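Student: I'm new to this one. Can we go through it together, asking how each label is earned?

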Amino acid sequence: MPPQLHEIPMNSTRSGVEGRGVDCALPHRKTPVDLTLIVVLVVALALFFDFTNGFHDTANAMATPIATGAMRPKVAVALAACLNLVGAFLSTAVAKTISGGIINEGSGGVSITPEMIFAGLVGAVIWNMATWLFGLPSSSSHALFGGLIGAAIVGAGFGSVNYLVLIDKVILPALFAPLIAGFVAYLATKLAYAITRRYDNRPDGRAGFRYAQIFSSSLVALAHGTNDAQKTMGVITLVLISAGLQAQGTDPQFWVILACAVAIAAGTYTGGWRIIRTLGTGLTDIKPAQGFAAETSTAATILASTHLGFALSTTQVASGSVIGSGLGRRGSSVRWGTAGRIGTGWLMTLPSAAVVGAIAAFVAHLGPLGVALDAVIGLGIVVVIFIVANRNRVDSKNAIGGVNEVAQSGRAVRISKGTSKKPTGKRRDKRDAA
Amino acid sequence: MINWISLVVVALAAISSACLIVVLYSLGLRLLSTAGRTPLAIPAEFTDAITIVTPAEAAAEAKRIRKAAKRNPLSVTQQRLALVGAYTCFILCVAAVLFGIYLIIPAFHH
């Protein structure tokens, strides 16, 4: 007889709305799926999710230094991959609950089965792939939450979702992340330009911000590694515990940490060039000073949020920072159309992943055959997305290729090396074109 | 419900730390060019860097910087002071970033 795999063990120290004490409810299931099969599938899918998470988020750290020419594209993604790998090993604090309280796990609530996790991961992976195809930076954790919510609703009804926590942890942070980061980046950009601005026509040395960009973007990549690999480690560990393959309350096994670190680093190295193009050149034309200001703001906001208890999405913070730095430079403009597209993507992330997760959960309820069907269909969709993406390939060589036009127009507005002491109006704008 | 206080704390912490680092580095750059040591960071790839778009323009910019350094209106002592100030700013900036790394890595404070 297969061991019980209904319960994802909860940690009793959870606080606030999430605190629900010790688990006791063990809902019955009609068609138990072969335990090892589902565990292997979930682990494989979780690692693939980790991979998509990596290549989705390369842009957060590396879009701006690539766009300003601070680093060669390949060098930048390699650096980000190394730092993600290191970051994954540095942090061992793994999530104690898969959904972070959004789903009423535990006693009185639903128990998240490996099939649900599987369906949720299918939703998250497919949404990540779709947004990558359109070059939209979107939050991988929101996709994971969405997938799980969809699967939970199909498995246990609408009552299984804690909507207060959903608003608190997903919707409001999604609103505040770009606002806070944008404001910080706006201020930082203003300061950087104000301090380095010269009225005597001597060189201002703003190109020197390129050196700083290498370090500020590295900080973002490291922060990403310490945050995001943990999510997948948590998912795999909780599945292993629920399958009885690991003792309750223990830390992730070494192979889990290693596999997750390698998966996220490989994803980062592959580089989501489409998203790098969007963040690096789609929102605004980034100059070194802006890039440095944006990356510093991203790093500061993420660090502040993870260490002071108000978790913000890395992706949303990074996008907000780029927009803020676009607003902060004189003569610069933000392409609000692209910003709107990204915002729409954020709004749709949770519901879309939920719908895919719900469909996958519905199919998975058919039993082992359903799970296998899910796996095959999911794989098929991923392959199709890769084929479609390949038709219009974006890689390290052409990710920032469209920028040449910008460079051309930049040359057209080159500052004449005049002698006027007090530049006004348009001339001031041109002066800040560096 | 939402913890407004922690939201405000996060915002303030982010603003102060980001601005501190940016101000320190910008000040360092400013003093560096005041001291006649303007850095010329040529783009790794000639993408959108508006003032330097081609290798030829990079060379022209280098020439301009050399010329400006030769005709520095400041005295030698003033230039030295500026240089010391610039390095101080960079060191403080690095210290601030290292503190950030210290914060990222949980092993240091558990």
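Tutor: Sure. Helices (H or I, at least four residues) and strands (E, at least two) are DSSP runs, numbered from the N terminus. This is a predicted model, where local features need pLDDT of at least 70, side-chain atom pairs count only at pLDDT 80 or more, and totals for chains, interfaces and linings use all residues. Residues are numbered from 1 along each chain as its sequence is written, while chains are lettered from A and ligands numbered from 1 in the order in which they are written.

Student: How many helices and strands are there in chain A?

Tutor: Chain A has 14 helices and zero strands, so by the DSSP rule no run of E with at least two residues turns up there.

Student: What makes a residue of chain A count as buried, and what percentage of chain A is buried?

Tutor: A residue is buried if 20 or more other C-beta atoms, placed from the backbone, lie within 10 Å of its own. In chain A, 58% of the 434 residues are buried.

Student: What makes two residues a contact, and how many residues does each chain bring to the one between A and B?

Tutor: Their C-beta atoms, placed from the backbone, must lie within 7 Å. Chain A brings 59 residues and chain B brings 49. On the chain A side, α5(A) gives the most, with twelve residues.

Student: How do you know where the domains of chain B lie?

Tutor: The bounds come from an automatic or database domain assignment. That assignment gives domain 1 (1–36 + 74–110) and domain 2 (40–71) in chain B. Their centres, taken over C-alpha atoms, are 26 Å apart.

Terms used. A residue is buried if 20 or more other C-beta atoms lie within 10 Å of its own, exposed if 12 or fewer, and partly exposed in between; C-beta atoms are placed from the backbone.
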